[in-house]
Amino acid sequence: MAIVTSKEMFQKAYDGGYAIGAFNVNNMEIIQGICDAAIEQRAPLILQVSKGARKYANHIYLMKLIEAAVEDAEQNAGFDLPICVHLDHGDSFELCKSCIDGGFTSVMIDASSKPFEENIALTRQVVTYAHDHGVVVEAELGTLAGVEDEVKVSAEDSSYTRPEEVEEFVTRTGCDSLAIAIGTSHGAYKFTPEQCTRNEQGILVPPPLRFDVLEEVSRRLPGFPIVLHGSSSVPQEFVAKINRFGGKMPDAVGIPEEQLRKAASLSVCKINIDSDLRLAMTANIREYLAEHPADFDPRAYLKPGRQAIKDMVAHKMIDVLGCSGKA
């Protein structure tokens with residue numbers, strides 16, 4: 001199977017009450033770990049590339065690695081693994097056009113920081129070009145706080161999506177899916193301690209997601225796929241391991257997985273996960289290097305990092321997204 005758009009994936013996900021995992025990729029080991037999990041779980045998959053990842057790894061290298069993953073699934077697993085290649089947080093028409101021309105099947109234009117009319121105008125420009133080339137477009141209304149690659153938004157500048165705007169926005173732009181802000185946040189430090197409570201173990205508990213906003217958006221856009229950004233759960237076992245082996249990540253906290261599962265059972269068809277990949281890989285590389293101080297072969301310490309990503313992604317597909325067996 002060739003690389004596909006997310007259109008059919010989202011229709012099946014919406015009808016089936018599950019979500020597709022959209023995992024950020026930066027190098028070979030991350031792509032292998034994610035795709036090995038998807039093959040094992042027979043799960044549809046979105047591999048997304050940020051502007052920063054394109055700078056780091058080069059567009060051509062990333063596309064060839066993804067093409068290799070599709071071929072590997074066909075030759076060695078014996079089935080067609082549906083993979084959508086998506087631009088995460090495109091910030092200009094030029095960047096979106098470059099990714100469309102370079103083989104991406106989906107792009108996000110993030111003009112959420114702009115005034116409403118400017119957001120519509122830029123999104124519509126991208127949609128027109130993308131649809132002419134058989135590519136789908138994700139847009140955003142509302143602004144998530146947090147830091148991830150080149151996306152940096154303070155808590156003061158963040159805002160929840162206004163449900164009363166979504167119908168006009170989707171109608172006028174023609175976008176294919178919509179990212180909304182209901183309390184998720186980018187990065188591993190999604191909330192300050194002051195925004196959270198602490199449980200009996202002293203672990204930070206973040207404020208709950210605004211499901212009232214999600215439900216009202218869904219009521220106004222029946223059958224339309226919704227996207228959640230900033231949805232890493234920041235597993236505390238990875239944070240603890242990083243800290244145990246020389247790291248310094250105090251008060252890192254993410255979105256509880258049970259809340260993400262609830263969102264996936266509603267109208268959310270795509271859930272973005274990036275920080276959890278970084279934490280899984282870093283925690284296990286740190287552990288390996290601490291326990292094998294004489295080793296200097298990158299293959300030796302990248303291997304447990306890749307395995308940790310595979311295990312974590314498989315868990316997300318089974319227990320959080322609900323997309324295992326849906327390919």
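In the predicted model, residues P163, E164, V166 and E167 of helix α7 make contact with V213, E216, V217 and R220 of helix α8. The axes of α7 and α8, the latter comprising residues 211–220, approach to within 9 Å and cross at roughly 35°, and the crossing is right-handed.

Aromatic side chains provide further links between helices, the structure holding 2 aromatic pairs. In one of these, F93 and Y129 are arranged edge-to-face, with 5.8 Å from centre to centre and 80° between the ring planes. Because F93 belongs to helix α5 (residues 93–101) and Y129 to helix α6 (residues 116–132), this pair ties together parts that are 36 residues apart in sequence. Both partners fall under the 20% limit for burial, the relative accessible area being 16% for F93 and 18% for Y129. Another pair is formed by F116 and F169, whose ring centres lie 6.2 Å apart and whose planes stand at 50°, so that the arrangement is classed as tilted. Here F116 is a residue of α6, whereas F169 is in α7 (residues 163–173), and the pair therefore ties together parts that are 53 residues apart in sequence. With regard to solvent accessibility, F116 counts as partly exposed at 21%, while F169 is buried, with a relative accessible area of 0%.

Aromatic rings are also met by charged groups. The charged end of R210 is placed over the ring of Y160, at 4.9 Å from the ring centre. Likewise, K262 is located over the face of F211, at a distance of 4.3 Å from the centre of that ring.

Helix α12 was examined for its length and for the burial of its side chains. This helix runs over residues 298–321, and its 24 residues, at 1.5 Å a residue, should span 34 Å, a value with which the separation of 32 Å between its end C-alpha atoms agrees. The expected span is obtained by multiplying 1.5 Å by one less than the number of residues. Buried positions in α12 comprise L302, G305, A308, I309, K310, M312, V313, A314, K316, M317, V320 and L321; the lysines K310 and K316 are thus listed as buried together with residues including L302, I309 and V313. Just after α12, G322 adopts a positive phi of about 80°.

How values were computed
Residues are numbered from 1 along each chain as its sequence is written. This is a predicted model: local features need pLDDT of at least 70, side-chain atom pairs count only at pLDDT 80 or more; totals for chains, interfaces and linings use all residues. Side-chain values use heavy atoms; hydrogens and water are left out. Rings of Phe, Tyr and Trp (its six-membered ring) pair if their centres lie within 6.5 Å; planes under 30 degrees apart count as stacked, over 60 as edge-to-face and the rest as tilted. Helices (H or I, at least four residues) and strands (E, at least two) are DSSP runs, numbered from the N terminus. Buried means under 20% relative accessible area, exposed over 50%, partly exposed in between (1.4 Å probe, protein chains only). A charge sits over a ring if NZ of Lys or CZ of Arg is within 6 Å of the ring centre and within 35 degrees of the ring normal. Axes are lines fitted to C-alpha atoms, for helices over the stretch in contact, and angles run from 0 to 180 degrees between N-to-C directions. A crossing is left-handed if the near helix is turned anticlockwise from the far one by less than a right angle, and right-handed if clockwise. Contact means heavy atoms within 4.5 Å.
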